[in-house]
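Trainee: I would be grateful for a close look at the charged side chains of this model. Please treat their pairing and their setting in one connected account.

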Amino acid sequence: MDSGLAAVLGAGITGGVASLGAFLTYRQTKVQLRGNAKLALREPRRKVYSDFLTGSREAVQAVLDLVDEDTGEVGLGPLCLALDEHFPRLMHRLAEVDLEGPQIVSDAANEAIAELNKLHTTAFVGDISGLVDDEGRPVRMAATSWTKSARH
């Protein structure tokens, strides 16, 4: 084999190996960028869901802290105040879940807020009506039905 042919073959082999290396690097970079893009979409969702769950648990715990252990009842006025304190943050977090999440997650979050809203409405209506019990104390609400479901 003469030196000219050897040089041409050497250059061809080197060029082929270099092209293969460049192609493999391109493919690896493409896979890595796709993975990073998926992670970039997932991370904000995770934070939004976490913030909503934390806020919901804080609201439920604030309500559960008001329940009298002996009677299992809660005063309507304090219940309204506790829920009034947590609703603005929960509504903000619910809006974020609605924007970030798929429909099934958004529906579950809306259902949880609807239950807290029903509880708040019931307590508010009872509190402003000024109802009193037989002993002249403000009416209290039995907490047994909603405390079991709130813990889950």
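Mentor: A salt bridge is taken here as a side-chain nitrogen of Lys or Arg within 4 Å of a carboxyl oxygen of Asp or Glu. The model is a predicted one, and under this criterion it contains 2 salt bridges.

One of them joins E115 to K118, with 3.1 Å between the closest N and O atoms. Both residues belong to helix α3, and because they are 3 residues apart in that helix, about one helical turn separates E115 from K118. E115 has a relative accessible area of 45%, so it ranks as partly exposed.

The other pairing links D51 with K47, whose closest N and O atoms are 3.0 Å apart. Here the spacing is 4 residues within helix α1, which means that D51 and K47 are likewise separated by about one helical turn. D51 is partly exposed, because its relative accessibility is 24% and the partly exposed range begins at 20%.

Helix α1 also holds R27, one of the residues of a positive surface patch that further includes K30, R34, K38 and R42. Membership of a patch requires over 30% relative accessible area and no salt bridge; R27, at 45%, is therefore partly exposed and above that area threshold.

The helices that carry these pairs also contribute to the nonpolar interior. The largest nonpolar core has 18 residues, among which F52, L79, L83, I113 and L116 touch the most other members. At least two residues of this core come from each of α1 (3–64), α2 (76–100) and α3 (103–128), and α2 gives the most, with 8 residues.

Note on methods:
Residues are numbered from 1 along each chain as its sequence is written. This is a predicted model: local features need pLDDT of at least 70, side-chain atom pairs count only at pLDDT 80 or more; totals for chains, interfaces and linings use all residues. Side-chain values use heavy atoms; hydrogens and water are left out. A nonpolar core is a set of buried Ala, Val, Leu, Ile, Met, Phe, Trp, Tyr and Cys residues joined through side-chain atoms within 4.5 Å. Buried means under 20% relative accessible area, exposed over 50%, partly exposed in between (1.4 Å probe, protein chains only). Patches are made of residues with over 30% relative accessible area and no salt bridge: like charges are joined within 9 Å, nonpolar side chains (Val, Leu, Ile, Met, Phe, Trp, Tyr) within 5 Å. Accessible areas come from the Shrake-Rupley method with a 1.4 Å probe; for residues, only the protein chains shown count as cover. Lys and Arg count as positive and Asp and Glu as negative; His and the chain ends are not counted. The place of a charge is taken as NZ of Lys, CZ of Arg, CG of Asp or CD of Glu.
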